[in-house]
Amino acid sequence: MTQATAVAEAPANDLALTPELADAVVGTWAEDTETAYFIAPDRILDVLAHLRDAQGYDLLSNLTCIDYQGYGGKLRADVSERLDVVYHLYSTRRGGGSVALHVRVPADDTVPSATSVYPGANLQEREVYDLFGVKFDGHPNLRRILLWDGFNGHPMRKDWHEAYYEEDAKPFRSRHPKGEYAFHEDKLPWAKNTTYPAGWDPDSWQEAVAYVPVSQAPQHENQPHLDTESIVVNLGPHHPSTHGVFRMLTRVEGETILALEPEMGYLHRNHEKIGERNTWLMNMPFTDRLDYLNSMSNNWAYALAVEKLAGIEVPERAEYLRVIMAEFTRIVNHTWSIGFILNDLGALQTPALYAIEEREMILDMFEAVSGARMMCNYMRFGGVVRDLPEGWREQAAYLANDRLPRALDELDRLLTENEILKARGRGVGYLAVEDLIALSVTGPMIRAGGLAYDIRKAEPYGIYDRFDFDIPTLPNSDIYDRYYIRLLEAMESVRILQQALRDMPEGETLGGRGGYTLRAPEGEVYGRLEAPKGELGFYLASDGKTQPWRYHVRSPSYINLNALGPMSVGYKVADAIVILGAIDIVLGEVDR
Amino acid sequence: MFGTGLLKGLGVTLKHALDTFEDDRESVPDRYKGSLELGNNRRVIQQPIDQEGLLTIQYPEEKRLLPERFRYIPMLIWDSEKQEDRCTACGICAKVCPPQCIWIVRDSDENGKPVTRCSEFYIDAAVCMSCSFCVEFCPFDAIKMNHDYELAVYDRYPQLVYDMEELTVPLEYYAALWPTQYEEEQARRKQEEEEKRKQEEEKAAKAAARAAAKSAAAAEKPAAGAPKRSAAELQALAKERAAQRQAQAAEGGGDDDAAAAKRARMEDLKRRAQERARQRKQDSGQ
């Protein structure tokens, strides 16, 4: 650790802490990064509560951890405690940048759980516990989340090696010039690739279903005059309504949900560990696979973070191209999402197919420019990889000015006034917007609750400050509004597209630096943007090498699931399906 | 009034149904407009951006028209003009490959000295993520993205592990798939070659001037020894040597040996796959 600066000199005043809390800040990290404050582990809850109540930092956006074992950088070489839990707080009322707090603890130590201040820390703390082994004191349900109980070790620790472990860093030396390559099948003879924690017996293990979930207590007491019994029902993991491989562990009484716990990790591939082996650029195509409906946004978010870290400039034309691609992506995502909300409501296929008809056209456009419909891999550090092919801009302008507005209006006519949709959607899945923010929910869900919080306006990135567009909001915070807000946002995206396609200048599309040999300077960065599903952030730490030291994805799908349980309690099973659909998750991003 | 929303929505679906019906009755339905007839019911369909109605394509008889930039699995370019592989075994593609699915054996001459040519080049297509970084960073335009996406086979290997023979395509094939990019690239290559030639000419001219000056000096001082070879002579010698090397590589370097080694490796891969299949059968039998 860089020596804890004396409190008097430490910019504790920036945090505007009360005198009682001033001693909570034990140091700062300012040499190589945006200012970040070290907080004494036992004081973190006080600081969080103060920042939330007195300074309006109401959104705990990101919570993750770094393992400093074997850290190779210079500036942080003398870090003594091994694990470092990182918090990023934002204010949804004021907008603007973040406050970054660090709590540093030795391995296997405990940290007070932030769930009492920010209930949204729930899933993120469970993830840190699962992948790093940090225990959170006072967490209501501290179980593994992405991995199962029989998993040996905490994989994001630097000394944990995967079954296919070859080297710490790519490129692997074996591939060239000797051309050695070992097939995974050869390395792992069948059935010998599993280890269990000490003293853990797979045969006697049974998943506990009796735990009562968690973040929400049953609201509905058993009626004393009725002899009823609640039962546990698994919705999923293999069911089309879960939009992938996802399980909702529910306690139901009749058709009414008393408690609901999301269970995930079926698609977990430890994306972040792969990301730490990869060179900086190699991660770009991997981000496509996170939220595979929105690869352009994912690319951009990652590029944005790395550009911030390495100070790379983006040419004008590339900025416009990024906006165009991201807004097309938003339309793709929102029409898709609308279609499948309707699917979940039982309006099987017709609205979905109408909704995604335009998606085909947009994906064809993506394919023409980037070479792939979904795994676009289009952006690079310092721009985009290729300029537009001939005729693309005219076609895109036709889409934006003519076809898409028409199609969205048609969707509007088809669905918005529909009485059945209103009957099923009005008042269902209600959660007050304050609760949603406390649960770290971002994106269309909070805008459907009446809060106009959109990172494109709150902390503009790229060139969004140049466009004339509105942040639509709706007041009711139910699934009908969550459907309708997406339609309205898609219409705003069309407006942005029209302006961007009109104003885009000629010129360079890729700045000079940032190729495959990029070495990002030592430091850490949190870059975020408004992805169609919410705030997509990349938290990166570099020790100056060709690989990221830490590569963390703050994925909106995953964190928005915090609200699934609280929103579903008290409604029927059939409603829970739609409530999940209206959160709009993609399992590639949830499980990572 | 209750029900107006429903009726409005039903109106939209009715319009869609009528449009589709109308379209189907036309002699050339909308989705066949601008498509390429291959005979025998086979077509390549292009979806115009302003197309309305149904978009179903009857694969595999009908296929989509792929855009030029479509990327699938890489291919290696055989330069048919120069009759050589463009690949120089520099290994950049293997280094930038995110899933590390490319592996290359660099060839060496009879003295064991590495040469700019690969003896083996493999891509594990089951691992390849079609990101096209290898293409982007290849300094010799030697690796490009193929459009052929019908790769399904029964076993992962050896079938999905492509060796050099399977990966190599002639330059004309690439030119047909990627016409725009090919044109740009050829223009660039030509220009580069032109520049290189010019530089060499300049160098030669300078060398000649120096030699002339020297020989003039030597004429003044005859005791300085034998005059050096002229630039033209040097060039001729270099050419001769290059030709010798090539001839040596053709015979002594043993193309046959390399081919045999490749065959042996493929046999080995096959054998291992069979063994594994047998083992799997046994395991499942127990």
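This is a short walk through a predicted model with chains A and B, from confidence to local detail.

I'll start with confidence. Chain A has a mean pLDDT of 84, with 90% of its residues at 70 or more. One weak stretch is residues 1–13 of chain A, where pLDDT is below 50. The model still gives that stretch 28 contacts beyond near neighbours in sequence. Another is residues 214–220 of chain A, also under 50, with 20 contacts beyond four places in sequence. Where pLDDT is low, predicted coordinates should not be read in detail. I'll leave those contacts alone.

Next, the domains. The assignment for chain A gives domain 1 as 12–137 and domain 2 as 294–518. Their centres, taken over C-alpha atoms, are 31 Å apart. Where they touch, domain 1 of chain A contributes 11 residues and domain 2 of chain A contributes eight. On the domain 1 side, that is four nonpolar, six polar and one charged.

Now the contact between the chains. Chain A puts in 41 residues and chain B puts in 42. Which helices of chain A each supply at least two residues to that surface? They include α6 (283–288), α9 (350–370) and α10 (392–416). By class, the chain A side has 20 nonpolar, nine polar and 12 charged residues.

A few words on chain B itself. Chain B has eight helices and 10 strands. Of its 286 residues, 17% are buried. Taking contacts in chain B between residues at least 6 apart in sequence, 62% join residues at least 24 apart.

Back to chain A, and helix α2, residues 44–55. A span check first: 12 residues at 1.5 Å a residue should cover 16 Å, and the end C-alpha atoms are 15 Å apart, so the two agree. The buried residues of α2(A) are A:Ile44, A:Leu45, A:Val47, A:Leu48, A:His50 and A:Leu51. As for the spacing, an α-helix has 3.6 residues a turn, so residues three or four places apart point the same way. What do the buried residues of α2(A) pack against? They meet strands β2 (36–39), β4 (83–90), β5 (99–105) and β6 (110–112) of chain A. After the helix comes A:Gly56, with a positive phi near 75°.

On to a hairpin. Strands β11 (residues 247–253) and β12 of chain A run antiparallel and are joined by seven bridges. Within that pairing, A:Val252 sits opposite A:Ile257 of β12(A). Two residues lie between the strands, and A:Gly254 in this hairpin has a positive phi near 65°. Strand β12(A), residues 256–263, has six of its eight residues buried, so the rest of the structure largely encloses it.

Last, a single residue, A:Asp478. It lies in the loop between α14 (455–458) and α15 (479–503) of chain A. Is A:Asp478 buried or exposed? There are 21 other C-beta atoms within 10 Å, and the cut-off for buried is 20 or more, so A:Asp478 counts as buried. Leaving aside neighbours within four places in sequence, A:Asp478 contacts A:Gly425, A:Arg426, A:Gly427, A:Val428, A:Gly429 and A:Tyr430. As for A:Met445, it is 33 residues from A:Asp478 in sequence, and the C-alpha to C-alpha distance between them is 8.9 Å.

Conventions:
Residues are numbered from 1 along each chain as its sequence is written. Chains are lettered from A and ligands numbered from 1 in the order in which they are written. This is a predicted model: local features need pLDDT of at least 70, side-chain atom pairs count only at pLDDT 80 or more; totals for chains, interfaces and linings use all residues. Two residues are in contact if their C-beta atoms, placed from the backbone, lie within 7 Å. Helices (H or I, at least four residues) and strands (E, at least two) are DSSP runs, numbered from the N terminus. Ala, Val, Leu, Ile, Met, Phe, Trp, Tyr, Cys and Pro count as nonpolar, Asp, Glu, Lys and Arg as charged, and the others, Gly among them, as polar. Domain bounds come from an automatic or database domain assignment. A residue is buried if 20 or more other C-beta atoms lie within 10 Å of its own, exposed if 12 or fewer, and partly exposed in between; C-beta atoms are placed from the backbone. The expected span of a helix is 1.5 Å times one less than its number of residues. pLDDT is the predictor's confidence in each residue, from 0 to 100. Two strands pair if DSSP finds at least two bridges between them.
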